[in-house]
Structure formats: structure tokens, C-alpha cells
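Student: Please take a close look at one part of this model, the place where its two domains meet. What makes up that contact?

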Amino acid sequence: MEKSSSASSLGPGGLDISQAFFKPVSDASPPSTSKRNTKISVIGAGNVGMAIAQTILTQDLADELVLVDAKPDKLRGEMLDLQHAAAFLPRTKISASTDYSVTAESDLCIVTAGARQIAGESRLNLLQRNVALFQKIVPPLVQYSPETILLIVSNPVDVLTYVAWKLSGFPSNRVIGSGTNLDSSRFRFLIADHLDVNAQDVQAYIVGEHGDSSVALWSSISVGGVPILSFLQNQQITYEKETLESIHKEVIGGAYEVINLKGYTSWAIGYSVASLARSLLRDQRRIHPVSVLAKGFYGINGGELFLSLPAQLGRGGVLGITNVHLTDEESGRLRDSANTILQVQTQLGI
């Protein structure tokens, strides 16, 4: 499939009329060589990839957006559908191709592609097929954009972020998994719903594996700057630990419920990844719980693995890991979550 994007060849025989349409300004200086456009490439034009692309466009996060997928007809259809909305969106050049050369000089490469599970297929076999798929995706991204940041969204995100890191040869700060950024948003929503406040006023993190062994950091939750558990204790308000656990279970089951109801998740992960893209490319230095190389943090020393920790993100990728105080129970659960991921990597032989 040939690369396709908007063009100005409206004249006879494809004549470029853009130069004739405008009268040039006299004595104009050329554009600054120190500034260039922001380019984002999204690999995988499925439901998740397109939700991410659409959110990036509406939030005006890129000057150029590139879509890559193995299915040329669907890819071109998605590209045209977005291009046809140009009158309602900030100006963004949208391109698409099955050839990875279209991603050249990307500032951020977002990987959403993944193999679909076959009926009766084991989780381990699915993982092996996804690793094989990443062996075809990551090297060309690195070849064409050696200075890019890799943002992995494909599941299981922690293991595949580790795979992408190994395949890329990049320093670990430039390989990030979407991790529990969305889980934490679900967590904040549920707490806000219980307290009838805005979710943006809730500070709460889910860390560890993006999966069943994730850890809710109850000890550090605050609402409007007020630590919740300390407040309840000071006010002598009793609460059941089972209530807290039920909220965490609801977070874990949130994605499964959406999938059972509509067949897939898309919009929430689209907004989640767009928030990460904004923090990275605009050097916002915001703290997000994302999948990072965890060895050496919070007592995790068993081996190299990626899992979610609160990390400061900016133009250089991961700028640092936040020193959140954990209780002994939370620390133990986090190490258990790390061991869960390491066991999967051992089974894969990676």
C-alpha cells in the first residue's frame, strides 16, 4: 500500500496550485530550523489504535499522525475517515501505510497491535505469538526513528514492554508501557463516585501488574489534599477492609465488564494514552502510573521486568520514579506482583 496523505494537486494533470493560490510575502524569513513538527505514529488500526488516534487529533497533540497496519484496505478506510473530519479538527497531516518507513523521525511510536486469541489457545501460546509479532514491529520502528519514545499498549502490556525494550536496544527511560494508568483512572472514578466528588480531585494509584495481581495503594489516597484513611481514623469513622477490597476488585473487573457488554474497550484507553502522549511530548512532568523497568525500586530485585510504578514523564521519557510511602502489606503485594510477571517471562524463556 502506498503512503497516502493530503495533497495540493488540484490543477490539471495533478498540477500543484498551492504556490499560485497565495501571493508570497516579500522579504520573508525561512522557518526556524530549531523547531519542527511533532510526529506520532500509531501501530495497529484496530479499535484501540483508532480510539487513540482520534483522541490525539481532537486534543491537538500532533502536527503529523501516522497509522500503520497489516490490512491495507481497512487502514486506508480509517485514514480517509479521519481526513474527512479535517474541517472540524486542528490541522494535522494524516498518513497511513503498511510500510514502516512512513514512521520515520517519529517523536512517539504507540504500539497497539497484537495477535487475537484463538478459541482454545493457551495464554502462553498467545504470548509467544505476540512476541513473534513484536519482532517484526519494533526493529523497523527503531530503524526509522532511532530517537523516538516507544509507548506500548498491547497486552499483556508489562511483558510486551519488556520485550520491546530488549528488541529496541533503547535506554529504559525511552520504553514505556501504558500499564495501570487506566486502572488508576477507574480507581479514582470509583472513589469519587463513593464520595460524590470530581475524580480529578482524587489522588490514587494502582501499581504493579496490569492484571489480577495489581496493587491498590490505599495508604496514600487523598481527596482534595486530605489523606482518606488518616481522616477516617481521626474522625473515628469505622470502615471495613472488605469494602476497600471490593472497590479494587471492581477496578480489575472493569475492563472485563466493558468487553462483555460491547465486545472491546476503546474510549477510556484512548484518553489514557493521549494523556501520556501529552505529558511526554509537551514535557508536562506529570506523574503517571506506567510500566517501567522496575528493578531496584521498592525492593524489587529478583530480575529485570517492567511493571507500573508512579513515574514522572517528560520529553525525555521516564524522568524518575516517585518515592511513594508504602505499607509493609503494600510492599509485599507489589513484590508478589513482580514475581507473577517474572514467572510469565520465565515460561516464555525471555
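Tutor: What follows describes the contact between the domains, mainly from the side of domain 1. The model is a predicted one. The domain assignment of the chain places domain 1 at 36–177 and domain 2 at 180–347. Residues 38–177 also appear in UniProt, in an unreviewed entry, as "domain: Lactate/malate dehydrogenase N-terminal". That span is 41% helix and 19% strand, and its end C-alpha atoms are 20 Å apart.

Between the C-alpha centres of domain 1 and domain 2 the distance is 24 Å. Domain 1 brings 34 residues to the contact and domain 2 brings 35 residues. About 2,900 Å² is buried between the two domains, with carbon and sulfur atoms giving 68% of that area.

Polar links are present as well. Nine residue pairs are in polar contact between domain 1 and domain 2, counting pairs with both residues at pLDDT 80 or more. The salt bridges between the two domains number two. Lys166 forms a salt bridge with Glu304, with 3.1 Å between the closest N and O atoms.

On the side of domain 1 that touches domain 2, at least two residues come from each of the helices α2 (47–58), α4 (123–144) and α5 (157–168), and from each of the strands β4 (108–111), β5 (149–152) and β6 (175–177). The largest share, seven residues, is supplied by α5. Sorted by class, this side of domain 1 consists of 18 nonpolar, 10 polar and six charged residues.

How values were computed
Residues are numbered from 1 along each chain as its sequence is written. This is a predicted model: local features need pLDDT of at least 70, side-chain atom pairs count only at pLDDT 80 or more; totals for chains, interfaces and linings use all residues. Side-chain values use heavy atoms; hydrogens and water are left out. UniProt positions are given in the numbering used here, feature names are shortened, and annotations may be inferred rather than shown by experiment. Helices (H or I, at least four residues) and strands (E, at least two) are DSSP runs, numbered from the N terminus. Domain bounds come from an automatic or database domain assignment. Contact means heavy atoms within 4.5 Å. Buried area is the accessible area (1.4 Å probe) that two parts lose on being put together, summed over both. A salt bridge is a side-chain nitrogen of Lys or Arg within 4 Å of a carboxyl oxygen of Asp or Glu. A polar contact is a pair of N or O atoms within 3.5 Å; within protein, one must be able to donate a hydrogen and the other to accept it, and residues adjacent in sequence count only if both atoms are side-chain atoms. Ala, Val, Leu, Ile, Met, Phe, Trp, Tyr, Cys and Pro count as nonpolar, Asp, Glu, Lys and Arg as charged, and the others, Gly among them, as polar.
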